[in-house]
Structures are given as C-alpha cells and as structure tokens.
Amino acid sequence: MAQRVAVIGAGVVGLACASHLRMRGYDVTLIDPRPPGEYCSFGNAGCLSRASFVPLGLPGLWKKLPGWLLDPQGPLVIRARYMVALAPWLWRFQCSASPARVNAIADALHSLLTVTVDKWRPLAARAGVPELIVQRGYAFAYQSDAGFRDDALGRAIRLAHGVTIEVLTGGAIRDFDPVLSPRLTHLVVLPEQGHCPNPLRLSRALAASLRADGAQFARRSAKAFETVDGRIARIITDGDPVDTDAVVIAAGAHSNALSSQLGSDVPLETERGYHVMLGSPSLAPRVPIASGEDKYFATPMEDGLRIAGTVELAGLDAPPDFRRADALLAKATRLFPALQHGSVERWMGHRPSLPDSLPVIGRSPRVQNAFFAFGHGHVGLTGAAPTGEIIADLVAGRDPYMDIAPFAADRFGQRA
C-alpha cells in the first residue's frame, strides 16, 4: 500500500505540494473547509515574480512609516487596537532590516523564486492549463523622480542577483504601452518575469487533476493530532478524523495554530491585502504594472483588470475595511487616466507572513513525519511550485534541489 500523506490546506501552496506528492505515487488527502484555491490564493495579483526576493524590511524603511500610517489611503495601515499584539512581530521585522540580514534573506529567496516559471510550467501542463503560465515581464511605474530614487536599493539588489532591468523615461514609456499616463517619470521593466491571468482557474485545474488521479479532498477543518511513538498517526478534524503516515501543514495564515501543537510556535502574522476586480475595462496594460509609490499591481486577467495590493495589519478576525479596496481603484486612475470599467468586485485576503519575509519550508524539528510549507507572504503563487517539489523530496527522504536551511521553523527560537 502506498504511503498516505495528508496536506492541510488547499490553497495554491497545498495544491502544489499535493500535486508533486501524487506524481510520486503517494496517496494524498487534502484537508480544507473551503473549496480549493478560494481563500488567499483566490485574490492575489497573479505575478510569478522571479524578482520578488527583495525583503519587505529594508534599511531606512522606518523613515517612511509615519507618512504611510498617517495616510488612510497609504500602502500600510495598522489598526490601533492591534498594535500591542503586533509589537513583537514589528520588532522582529525591524531586526531583519539590517544590511547583512537583507542580503542573506535576498539570497535565500532568490534561490527559491528564480525557478518559479520553470517549476510551474510542468504542473500547469499536467493540469491541462499551460496557457495560464505567461512570461512577458512586468514593470514598475513611477510618478516622480523621488519615488524612483527611493527604490534604488531594491533595484541594486535585483541587479546583483542577475535580474534584467530596463529603465524607460519620457516618450519611451508611452511607446512601451500607450495606456500609461504621460505624467510618469520612469518605467522600470523586468522582462523575464511572469504572471498567471487567472489564479483561481489554475487552482481549480490543479484540484481537478488531483481528483482525476485519485487524490481525496476532505472539506473539514484540521484541529489537532494524535501521535504514536512520536509520529502523527491521525488528524483530528471537525468531522471524521484522517489517518495518515505523514502530514504537510500548508494552511496559510492559520498554520501556526497547527505547527505550534508540534512544538514549532512561529511568529506568523496575517498581512491583509485587498483587490478590486474591474469587469469590462476600457483598457488593459500589456504586462502587469506595479505602482512604485503606492505599492499595488494592476494585472490584466482573463475576466477583467485586477488592482491588488496594500498591507493592513489587523489580525485574522477583524472585519474587512473595503475603503482600502476603493482607494486602490482611485489610485489606479493615476497610472491609467483613460480607464473606464463596468462591474467592480471587492475582496480581502490574508497573506501569511513572517517578519523576515521568508516562508517556513521543511521538516518539523520535533515530529519526523510532519512537514511545513507556509508563510510565503506576498510570493505564495510564485513560491508554490518550487515549494511543492521541495516538500515532495523531503517526504521521500531525498535532498531538495536547493539549501532550505534559511527557511527552518526554529530559526526564531522558542517564543514565550
């Protein structure tokens, strides 16, 4: 009988892990109370960004925080009631922003993310949707010289890691894409990057392929574990239990509630992101466009134009503030002054984020048949396919294709 592996979480990371495990012959059961791909994976900006290895915490970022926090429509909001609970995470975030740590984090993330398009193509083809992996590049648009200068460190880190960057100014910007505002001062084009024009369709295709190949889906919430001789033998859910020989925790922002039961209590936070989906847009950029100043993406999707981004720190339980989504729409007209549209759909989701911008990937340090694949923050879609291959290697007892020591769960030590 094939070894049984339970994957907790049917978002894009869990689906990628399950796909690689099933390809290697494991009996796979995915456990999630929601349909596949319909939580955080549903609403991302769709980028397959090989260049997103620059950590969020950079030297000098703290100087920008007061201005961001005082702007209710700015790229970052921290709800006042959540500030005390968030303080330890913020301290770790700041400690990760030293030049030495930034370089080490960028090195680790680069190794994980630079192969994303190559790792995604066979998975998408196996699921019957190769057209959803697109590699046409994306670009950062700047409305001022100051905004362009502010991102110099990020560009330098990318260039040092071999990322191709083209800087356009003046009329060359409109030559690249005439839908962009003539008031832009700089357009930084990264031609090697990719995107997915329908992340939900990709997740559903992976799920359908898994079902056709014999994988099981349990629409339940994982609650706890039963162990025998120090190994997980059963997962307790809000329904029938699931017996298993190995467990992969890929439950996004909810993962620490499970990993902490296995002795790995990590500082996992939810960065709440918003999007607006515009139906029947009057224009579409030729590639995804990111606002350099306002930190959001405008991505052409199969069913419209998605404006996605911002960070709101308020925990898992606070209700959405859809004024954040409306602000994205208002700002998008600065990049696309001729934009008109039909329907508007608003969405909020929970990015699972660690303070050093690195996910947790690897074997549990205390339970040998438990594996972790969570905390990818802004690069869940980008990191999913590489993570899935790594997890399948670990379950099989093989060395992964890259060094995963920087992603260890115990890198933070034990929290009080």
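**Reading salt bridges and cores in a predicted model**

Modeller: In this predicted model, R101 has a relative accessibility of 31% and therefore counts as partly exposed.

Biologist: Which residue forms a salt bridge with R101?

Modeller: The general idea is to look for a nitrogen of Lys or Arg within 4 Å of a carboxyl oxygen of Asp or Glu. Here the partner of R101 is D356, with the closest N and O atoms 3.8 Å apart. R101 belongs to helix α4 (residues 99-113) and D356 to the loop between β18 (344-353) and β19 (360-363), so the pair ties together parts 255 residues apart in sequence.

Biologist: Is D356 buried or exposed?

Modeller: Buried means under 20% relative accessible area; D356, at 3% relative accessibility, therefore counts as buried. D356 also meets the side chain of R411 in a salt bridge, at 2.7 Å from N to O. R411 lies in the segment after α12, 55 residues from D356, and is partly exposed at 25% relative accessibility.

Biologist: How many salt bridges does the structure hold?

Modeller: The structure holds 19. Among them is the bridge between D294 and K331, whose closest N and O atoms are 3.7 Å apart; both residues are buried.

Biologist: How should the largest nonpolar core be read, and which residues have the most contacts inside it?

Modeller: Such a core is a set of buried residues joined through side-chain atoms. The largest one has 73 residues, and L21, W120, V248 and I391 have the most contacts inside it. Helix α12 (residues 380-395) gives the most to this core, with eight residues. Beyond four places in sequence, L21 touches residues including V5, V248 and A392.

How values were computed: Residues are numbered from 1 along each chain as its sequence is written. This is a predicted model: local features need pLDDT of at least 70, side-chain atom pairs count only at pLDDT 80 or more; totals for chains, interfaces and linings use all residues. Side-chain values use heavy atoms; hydrogens and water are left out. A nonpolar core is a set of buried Ala, Val, Leu, Ile, Met, Phe, Trp, Tyr and Cys residues joined through side-chain atoms within 4.5 Å. Buried means under 20% relative accessible area, exposed over 50%, partly exposed in between (1.4 Å probe, protein chains only). Helices (H or I, at least four residues) and strands (E, at least two) are DSSP runs, numbered from the N terminus. Contact means heavy atoms within 4.5 Å.
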